[in-house]
Structure formats: C-alpha cells, structure tokens
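User: I should like to learn how to read the features of a structural model, beginning with its ligand. Could we proceed feature by feature?

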Amino acid sequence: MRLLRSTLTGIEYPFERLEEFADNGESLEVVLPSVAQARVRPGTYLWERFADFLPFERMDPVLSLGEGNTPLLPAAPLLQQISGLPGLLLKDETQNPTWSFKDRGTLTTLFMAREMGERVTATISTGNMGHSVAAYAARAGIMAIVFIPHFAPEPKVQAMAIHGASVVRVSAPDYAAMKSAILSLAGEFRLRIVSGNGPIRVEGYKLIAFEMFEQLRGQVPDFIAVPTSACGHIRGLWKGWNELRLAGFVERVPRMIIVQAANNSPLVTAMRRGLRRPVPFRDFQTVAEAITSGNPQGGDEILEKAAAHGWLAGDATEEEILEAQRALAAAGHFVEPATAASLPVLKKLRQAGEIALDQTVVMMLTGSGLKDMGVLKHHRLPLVDTPLDGVRKALSDILMPPTQV
Ligand SMILES: *Cc1c(COP(=O)(O)O)cnc(C)c1O
C-alpha cells in the first residue's frame with residue numbers, strides 16, 4: 001500500500017495525485033506503512049539497495065544519468081578553522097550529472113512519470129531544477145517544459161535549452177505568487193508540474209540520507225546544514241534519516257540546520273520570532289539566487305518540525321556569502337553562493353554555543369559555482385596581463401612579490 005498524506009492535518013490522497021500539494025495548501029508526503037520492516041538489499045544502485053523504502057513499482061536504470069555516489073569528505077583545515085568545527089564534513093552534491101543535488105529528486109519524478117505513462121513533464125525553477133529536469137527528460141525521451149522567473153541566470157537557462165526543454169520565461173514581481181499560479185494549472189492541463197517540495201521529489205532526496213548512512217558506516221552526524229528555499233531538500237534528508245530509524249538501522253537522527261540569506265529569510269525570521277508560518281519576503285536582492293523562495297509553500301510544516309525537534313537556523317549577509325564562497329574555493333570547492341551561505345551560519349551557531357566543539361556537522365554542497373558565473377564579478381581575480389617579454393617579470397613578481405610599503 002502507498003499513499004500521499006498532508007503533512008499537518010493528515011488528509012489522505014491517492015499516490016497518483018497530479019497536484020504537488022494538498023487542497024488546503026499543505027505539503028504532501030509519501031506514506032509507505034511497510035517502511036518499518038524495510039531491509040537494505042544487495043544492488044548496484046542506491047535505489048536498488050534501498051528499494052524497500054521507496055514507493056515505486058518499477059525503477060528503470062535507463063532513466064539514470066549516474067547521479068549520486070558523491071563524496072562525503074572531512075573539511076579542509078581552513079574550513080574547520082573558519083567554522084570552528086573540527087568535525088565538519090562536506091557532502092559534495094556538486095558532483096551530480098547536472099551539478100546540483102536536484103538530480104536525486106529528478107530521478108524519482110521520472111520514475112513516477114514513467115510509471116504513470118506521462119509523456120510531458122513540467123517544472124518551475126530558478127535554474128537548477130529546470131536544468132536537471134531538462135536533462136533527465138531528455139534521457140527518458142519525454143518532453144520537458146520549464147517555467148523560469150525573469151531573474152534566472154543565463155547559463156542555467158541555456159543548459160535547459162540545449163537539452164531540448166521548452167523554456168517559458170515569466171516576468172512576475174513575486175516569484176512565490178508566480179509559482180502557485182502556475183502550479184494551479186496542473187489539473188486543467190492534466191500535467192504534473194513538479195515543484196521543489198513535491199512528495200515524489202522528496203523521495204529522491206531521501207536517498208542522500210541513505211547514501212550518507214552507508215558512507216558513515218552507521219555513525220549518525222549531529223547536524224546537517226542545508227541551504228533552504230522550497231524546502232524539499234531538507235524535508236527529504238529528514239525523512240530519510242527518520243525512516244532509517246523507523247526501520248531500526250539507527251537509534252537517533254541528525255538535527256537539521258536551516259540556512260538562508262539574510263536578505264530573504266522567511267523561515268529563519270519566523271523561527272526567531274517563534275512563528276509557525278513563513279514570514280514572506282519580496283522585492284529582495286541576493287547573490288544566493290538558488291535560495292530565493294520568498295514564501296515557500298509547505299514552509300509551515302518545516303517550522304513545525306524545527307520547533308518539535310530542536311532544529312537550528314541562521315542566515316548569512318551578502319558579504320558573508322561571498323566571503324564564504326572564496327573560502328570554500330580556497331579549500332578546493334567551487335560552489336554556488338547559495339551553498340556557501342552555510343559556512344558563516346555554522347560559524348555563528350558555533351560561536352553562540354548552539355553547536356558544541358565535538359559535534360559532527362555535515363554541510364551540504366548543494367550546487368556548483370560554474371552554474372552562476374555572473375556572481376564572479378564580485379570577486380577579485382589575481383590576473384596578470386602581459387606580452388610575452390613581460391612573462392619573466394610577472395613570474396618573478398608572483399614567486400617573489402615586491403615587499404609592500
Ligand atoms: C534548489 C537549491 C537549494 C534549495 O533547496 P530546496 O529544496 O529548494 O530547499 C539550495 N542550493 C542549491 C544550489 C539549489 O539548487
């Protein structure tokens with residue numbers, strides 16, 4: 001048996017439901033009562049080993065682009081120093097087929113599309129999800145339609161186009177309002193319009209928790225820091241770890257850390273004020289373009305969970321984000337600004353004593369810096385321009401810089 005259930009009031013819907021949210025606007029989650037008896041099985045793919053935890057009848061390997069198997073690394077000394085956390089780990093989701101964790105959830109939405117016999121899939125995205133859906137739809141041989149807001153970065157838009165997606169750029173002042181207006185067209189067009197916080201996508205993000213569990217050989221981190229926008233990623237990580245607990249594989253679960261940009265922090269602000277609904281943000285500017293849901297649908301569920309389970313939250317200013325992007329690059333990781341926001345947040349939470357010195361924190365590297373080159377104008381590039389006969393001097397200046405006065 002498999003069904004969808006609304007996450008706050010528990011209203012049940014058939015698994016096949018097209019709409020991504022309940023009629024009352026709550027987020028939906030997949031319920032699989034057999035999960036308590038789930039076993040880990042042998043298998044090549046992560047989703048084969050954890051098939052007992054997943055709701056799909058058929059999972060065709062042909063739909064995979066090789067997502068997952070991403071490294072879980074101890075952070076470099078520089079990053080341990082900045083965060084103040086010797087036990088900092090990085091889960092590098094930039095090493096997915098379209099360079100963000102979105103591919104995990106796109107795979108499961110394509111499993112679903114295949115199972116339901118859908119020939120078109122659609123999504124609304126500021127960039128990474130649209131790119132991911134375009135690539136996976138191309139692989140599956142079905143049509144993709146991607147709705148993007150006018151501020152989506154050009155490289156991500158071009159990436160959608162090269163995979164053959166139909167891209168619809170919408171100018172609307174309020175991205176949250178644009179999203180719900182477009183999602184409401186699903187029924188009329190009999191079209192599944194995949195959102196960042198839909199129940200099937202969240203099943204794919206669960207797989208990241210399972211992979212971490214395998215990589216940590218049964219150890220459970222204390223915290224996972226997650227740059228949060230639509231809320232699907234953080235919900236999937238939480239659901240995955242909790243299902244491992246339900247099935248008896250772990251005794252406790254990591255607490256989540258909600259990371260947002262200070263200029264757009266609907267959840268973090270709500271938590272600070274003790275509210276259970278997101279505080280809507282609009283007309284904001286941030287370099288963290290991948291976390292721009294100003295009023296995430298389903299955010300109230302996340303705030304409930306945060307309050308019930310002692311999650312932490314924090315935000316980062318524009319300067320902090322750019323500085324962290326440079327620090328991560330200095331340690332070898334070229335990530336998006338949205339991803340970098342976690343580093344200053346961890347530092348501040350550690351300084352405030354919310355995270356103890358000996359606790360283990362996993363920082364999710366959600367997306368690659370190559371996908372938002374526009375932001376690089378904010379960084380100073382140590383570039384030397386020289387004719388050939390100036391190379392000797394340039395080299396000697398680099399190796400033996402003239403002493404500063
Ligand atoms: C989508 C995205 C996020 C936010 O994830 P949600 O599931 O929308 O909360 C964070 N970072 C990057 C790079 C993303 O692409």
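User: Which atom of Gly-232 lies 3.3 Å from an oxygen atom of the ligand, a backbone or a side-chain one?

Analyst: Please bear in mind that this is a predicted model. A polar contact is read as a pair of N or O atoms within 3.5 Å. Here a backbone N or O atom of Gly-232 lies 3.3 Å from a ligand oxygen atom. His-233 also takes part through its backbone, with a polar atom 2.9 Å from an oxygen atom of the ligand. Thr-366 uses its side chain instead: a polar atom there is 2.8 Å from a nitrogen atom of the ligand. Of the 380 Å² that the ligand exposes when taken alone, the protein buries 96%.

User: How many residues surround the ligand, and which are the closest?

Analyst: The ligand is surrounded by 15 residues, and the closest are Lys-102, Asn-128, Ser-229, Ala-230 and Thr-366.

User: What joins the side chains of Thr-339 and Thr-366?

Analyst: The two side chains are joined by a polar contact of 2.6 Å. Thr-366 thus belongs to two parts of the picture, as its side chain also has a polar atom 2.8 Å from a ligand nitrogen atom. Thr-339 itself lies in helix H13. Leaving aside residues up to four places away in sequence, Thr-339 touches Pro-227, Met-363, Met-364, Leu-365, Thr-366 and Gly-367.

User: Why does Thr-339 count as buried?

Analyst: Buried means under 20% relative accessible area. Thr-339 counts as buried because its relative accessibility is 0%.

User: Which residues have the most contacts inside the largest nonpolar core?

Analyst: A nonpolar core is read as buried nonpolar residues joined through their side-chain atoms. The largest one has 74 residues, and Met-212, Ile-224, Trp-241 and Ile-258 have the most contacts inside it. Helix H8 (residues 199-215) gives the most to this core, namely eight residues. A second core, separate from this one, has 34 residues, including Ile-257, Ala-288, Leu-322 and Ala-340.

User: Which residues does Met-212 touch, not counting residues up to four places away in sequence?

Analyst: Met-212 touches Leu-72, Lys-91, Ile-224, Leu-237, Trp-241, Val-362 and Met-364. Two of the names listed for the core, Ile-224 and Trp-241, are thus among its contacts.

User: How does one read a helix such as H12, and what covers its buried residues?

Analyst: One may compare its span with the expected value, then ask what packs on it. H12 (residues 318-330) has 13 residues and reaches 18 Å from first to last C-alpha, close to the 18 Å expected. Its buried residues are Glu-318, Ile-321, Leu-322, Ala-324, Gln-325, Ala-327 and Leu-328. Their cover includes helices H2, H13 and H14 as well as strands E11, E12 and E13. After H12 comes Gly-332, with a positive phi near 100°.

User: What do the buried residues of H11 pack against?

Analyst: They pack against helix H9 (232-246), E11 and helix H10 (266-272). Just after H11, Gly-310 has a positive phi of about 65°.

User: Which residues other than glycine have a positive phi?

Analyst: Most residues other than glycine have a negative phi. Among those with a positive value are Arg-217, near 50°, and Asp-283, near 55°. Arg-217 is placed in the loop between H8 and strand E10 (223-227), and Asp-283 in the loop between H10 and H11. Arg-217 is exposed, with a relative accessible area of 77%; Asp-283 is exposed at 67%.

How values were computed
Residues numbered from 1 in each chain as written. Predicted model: local features only at pLDDT ≥ 70, side-chain atom pairs only at ≥ 80, totals over all residues. Heavy atoms only, no water. Helix = DSSP H or I, 4+ residues; strand = E, 2+ residues; numbered from the N terminus. Expected span 1.5 Å × (residues − 1). Buried < 20%, exposed > 50% of the residue type's maximum accessible area, 1.4 Å probe, protein only. Contact = heavy atoms within 4.5 Å. Near = heavy atom within 4 Å. Polar contact = N/O pair within 3.5 Å; in protein donor to acceptor, adjacent residues only side chain to side chain. Areas by Shrake-Rupley, 256 points an atom, 1.4 Å probe, with all protein chains shown as cover. Core = buried A, V, L, I, M, F, W, Y, C linked by side-chain atoms within 4.5 Å.
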